[in-house]
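Hi,

Here is the structure I promised to pass on. Have a look at it first, and my notes follow underneath.

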Amino acid sequence: MAEDETGEVPKLPPDARLESLDQRLDRLQQAEAKRTAKRQPDAGYQAGQMVLSQLIGCPLGGGIVGWLLDRWFGTRPWLMLVMLFLGFAVGIYNVIRISNAAQRNARGEHEQGS
């Protein structure tokens, strides 16, 4: 048999080999995409994570800023307490905002499904 320029002996006509290679490559790419695809977390889970971060982060941040201001101005513990309670208020406000946004998204998805 005659060898082609790559040194291989062709077993199939060139077009059939390329077609077969393309099909196998497509199958492998689809399998790889399925294997490596990242699942999107549930919207409720994401909202819960946001709520938790707001309920912890806002008071903590307010307390730290208040503590630093107290040290700077020498007003211990008043600014820390004020900023701590302000952090709680901001955290609760953000939780309400997140909850309202999650309800709007849920209503929008429910109306699209109907």
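Read from one end of the sequence to the other, the protein runs α-α-α. That makes three helices and zero strands, where helices (H or I, at least four residues) and strands (E, at least two) are DSSP runs numbered from the N terminus.

Two bits of housekeeping. This is a predicted model, so local features need pLDDT of at least 70 and side-chain atom pairs count only at pLDDT 80 or more, while totals for chains, interfaces and linings use all residues. Residues are numbered from 1 along each chain as its sequence is written, and side-chain values use heavy atoms, with hydrogens and water left out.

On the whole protein: buried residues make up 11% of the 114 residues. Buried means under 20% relative accessible area, exposed means over 50%, and partly exposed is in between (1.4 Å probe, protein chains only). The protein exposes about 9,800 Å², with carbon and sulfur atoms supplying 61% of it; the areas come from the Shrake-Rupley method with a 1.4 Å probe, and for residues only the protein chains shown count as cover. Of the contacts (heavy atoms within 4.5 Å) with a separation of 6 or more, 43% are between residues 24 or more positions apart.

Now for two residues in α2. Q54 is found in this helix, which covers residues 43–73, and Q54 counts as buried because its relative accessibility is 16%. Leaving out residues up to four places away in sequence, Q54 touches P59, G91, N94, V95 and I98. P59 lies in α2 too, and is buried with a relative accessible area of 7%. On the same basis for sequence neighbours, P59 touches Q54, L84, G87 and F88. P59 and L86 are 27 residues apart in sequence, yet their C-alpha atoms are 7.4 Å apart in space.

Next, the loop between α2 and α3, which is where P77 sits. A cis peptide bond joins R76 and P77, with omega about -10°. For context, most peptide bonds are trans.

What about the largest pocket: what is its volume? It comes to about 160 Å³. A pocket here is an open set of points on a 1 Å grid over the protein atoms alone, where a 1.4 Å probe fits and there is protein on both sides within 12 Å along at least five of seven lines; lining residues have an atom within 4 Å of a point. Grid points are joined across faces, edges and corners, and the volume is the space filled by probe spheres set on the points. The lining consists of A43, Q46, A47, M50, I98, A101, A102, N105 and A106. Both α2 and α3 (78–113) supply at least two of these residues, and α3 gives the largest share, five residues. By type, the lining has seven nonpolar residues, two polar and no charged. Nonpolar covers Ala, Val, Leu, Ile, Met, Phe, Trp, Tyr, Cys and Pro, charged covers Asp, Glu, Lys and Arg, and the others, Gly among them, are polar.

Last, the structure holds one salt bridge, meaning a side-chain nitrogen of Lys or Arg within 4 Å of a carboxyl oxygen of Asp or Glu. E32 forms it with R35, the closest N and O atoms being 2.8 Å apart. Both lie in α1 (residues 14–36), three residues apart, about one turn of the helix. E32 is partly exposed at 38% relative accessibility, whereas R35 is exposed at 61%.

Cheers
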